[in-house]
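Please load the structure in the viewer and keep the selection tool at hand. The tour proceeds by selection, with a short account of what is found at each stop.

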Amino acid sequence: MEIYKINSEIKKFDLIQAFRGLAALGVVLHHAALSTNGLVAKIPIWLSSIFEHGFLGVDFFFVLSGFIIMNSHFDDSKSIAALKMYGIKRFVRIFPPYWPVSIALIFAYFVLRGMSQGARGDFSWLSSLLLLPDAPPPALSVAWTLIHEFMFYVIFSLFFISSRIFIACVTGWSLAIFAAIMWADDAQFSPLFVRLLSPINLEFVMGMGVAYLARNAYRRLAKPLLISGIVVLSILLAWPYALEQRALFGLPFSILVLGGVLLERQGKLALSRPL
């Protein structure tokens with residue numbers, strides 16, 4: 001079988017951008033359905049059953065994030081300069097868009113006490129401003145995803161120090177998550193370790209693995225991978241227990257990303273303008 005090597009200079013894939021958009025749209029529809037049902041009127045059951053799965057867009061996005069970060073920096077040098085540039089880009093990526101929303105929301109909670117159905121007075125200033133794990137939630141409740149993203153960025157910074165240290169750290173992180181899944185049901189962890197050992201973090205690792213595999217993959221596996229990803233995703237969606245172990249969805253999303261990237265690099269994937 002012929003080996004297909006991805007050009008290391010290729011950093012951006014149209015399909016990945018489309019996947020990111022679809023993942024974000026799924027999350028928006030999920031929250032829109034919740035708000036509509038709670039504040040306006042009940043939407044049809046068949047439509048609600050579709051929208052309620054939109055939260056899986058977060059899982060898809062975590063896989064995509066792992067892929068994008070690894071693919072973008074795979075060939076970067078191990079140096080302080082590269083680490084500094086990475087840190088600046090990640091900071092600019094997260095905080096300037098996040099702070100105005102979070103600060104405005106904090107102000108609104110103090111001024112408009114009845115603006116939310118939930119109790120928002122016990123939010124964490126630490127997580128609301130710095131995205132650091134804390135027992136109370138951030139003022140912007142959905143910012144919990146950014147807390148995980150920020151932790152991942154910090155861990156990935158080890159990549160610019162040493163490949164061996166980075167691989168050892170990611171391996172240890174993954175094993176610790178598996179250990180927590182298996183044996184730590186009744187353990188009491190600090191907010192930091194609750195976030196750090198959450199199974200959903202494995203999706204970042206899966207995404208990084210896809211970026212590595214995609215650089216030396218068999219060309220003919222592209223379409224079978226896409227089909228397999230769709231089949232596995234369909235099986236998990238039909239299995240109610242899978243939603244309780246949502247990190248499982250990282251597997252079909254990873255397969256879809258790998259197959260899609262290989263197909264696009266062959267020039268056999270043309271996306272429509274709406275995507």
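Which residues form one aromatic cluster? In this predicted model, the members to select are Phe62, Tyr86, Phe152, Tyr153, Phe156, Phe159, Phe160, Phe166 and Phe204. Displaying their side chains together provides the starting view.

**Stop 1: Phe204, within the cluster**

Select Phe204, one of the residues of this aromatic cluster, and colour helix 9, where Phe204 is found. Is Phe204 buried or exposed? Phe204 counts as buried because its relative accessibility is 0%, below the 20% limit for that class. Next, show the surroundings of Phe204: with neighbours within four places in sequence left aside, its contacts are Phe62, Ser65, Gly66, His148, Glu149, Phe152 and Trp173. For a sense of scale, draw a distance from the C-alpha atom of Phe204 to that of Leu34; the two are 170 residues apart along the chain, and the separation is 27 Å.

**Stop 2: Lys78 over Phe159**

Remain with the cluster and select Phe159, another of its residues. Adding Lys78 to the selection shows a charged end that sits over the ring of Phe159, at 4.0 Å from the ring centre.

**Stop 3: two aromatic pairs**

The structure holds 23 aromatic pairs; two of them are visited here. A pair of aromatic rings is described by the distance of the centres and the angle of the planes.

Select Phe95 and Phe150. Their rings form an edge-to-face pair, with 5.5 Å from centre to centre and 85° between the planes. This pair links distant parts of the chain: Phe95 belongs to helix 4 (residues 80-111) and Phe150 to helix 6 (residues 144-156), with their positions 55 residues apart in the count along the chain. Phe95 counts as buried because its relative accessibility is 5%, whereas Phe150 is partly exposed at 22%.

Now select Phe110 and Phe123. This aromatic pair is edge-to-face as well, with 6.2 Å centre to centre and 80° between the planes. Phe110 lies in helix 4 and Phe123 in the loop between helix 4 and helix 5 (125-130), so the pair ties together parts that are 13 residues apart in sequence. Phe110 is partly exposed, its relative accessible area being 43%, while Phe123 is buried at 11%.

**Stop 4: Arg215, a residue with two partners**

Side chains of opposite charge can pair when their charged atoms come close. How many salt bridges does the count give? The count comes to two.

For one of them, select Arg215 and Asp75, whose side chains meet in a salt bridge with an N to O distance of 3.0 Å. The pair links distant parts of the chain, 140 residues apart: Arg215 is in the loop between helix 9 (202-214) and strand 2 (216-218), and Asp75 is in the loop between helix 3 and helix 4. Arg215 is buried, with a relative accessible area of 11%, but Asp75 counts as partly exposed at 40%. Add Phe74 to the view: the charged end of Arg215 sits over the Phe74 ring, 4.0 Å from its centre.

**Stop 5: Asp59 and Arg246**

Select Asp59 and Arg246, which form a salt bridge whose closest N and O atoms are 2.7 Å apart. Asp59 lies in helix 3 (residues 56-73) and Arg246 in the loop between helix 10 (222-238) and helix 11 (250-265), so the pair ties together parts that are 187 residues apart in sequence. Asp59 is buried at 0% relative accessible area; Arg246 is partly exposed at 21%.

Then select Ala247, placed in the loop between helix 10 and helix 11. Ala247 counts as buried, at 12% relative accessibility. Leaving aside neighbours within four places in sequence, Ala247 is in contact with Asp59, Pro199, Ile200, Glu203 and Met206. The C-alpha atoms of Ala247 and Glu203 are separated by 6.6 Å, although the residues are 44 apart along the chain.

**Stop 6: a surface patch**

Finally, switch to a surface representation and select Leu22, Leu25, Val28, Leu29, Leu271 and Leu275. These residues form a nonpolar patch on the surface, with about 490 Å² of accessible area together. Within the patch, centre the view on Val28, which is found in helix 1 (residues 14-39). Val28 counts as exposed because its relative accessibility is 51%, over the 50% limit for that class.

Note on methods
Residues are numbered from 1 along each chain as its sequence is written. This is a predicted model: local features need pLDDT of at least 70, side-chain atom pairs count only at pLDDT 80 or more; totals for chains, interfaces and linings use all residues. Side-chain values use heavy atoms; hydrogens and water are left out. Rings of Phe, Tyr and Trp (its six-membered ring) pair if their centres lie within 6.5 Å; planes under 30 degrees apart count as stacked, over 60 as edge-to-face and the rest as tilted. Helices (H or I, at least four residues) and strands (E, at least two) are DSSP runs, numbered from the N terminus. Buried means under 20% relative accessible area, exposed over 50%, partly exposed in between (1.4 Å probe, protein chains only). A charge sits over a ring if NZ of Lys or CZ of Arg is within 6 Å of the ring centre and within 35 degrees of the ring normal. A salt bridge is a side-chain nitrogen of Lys or Arg within 4 Å of a carboxyl oxygen of Asp or Glu. Patches are made of residues with over 30% relative accessible area and no salt bridge: like charges are joined within 9 Å, nonpolar side chains (Val, Leu, Ile, Met, Phe, Trp, Tyr) within 5 Å. Accessible areas come from the Shrake-Rupley method with a 1.4 Å probe; for residues, only the protein chains shown count as cover. Contact means heavy atoms within 4.5 Å.
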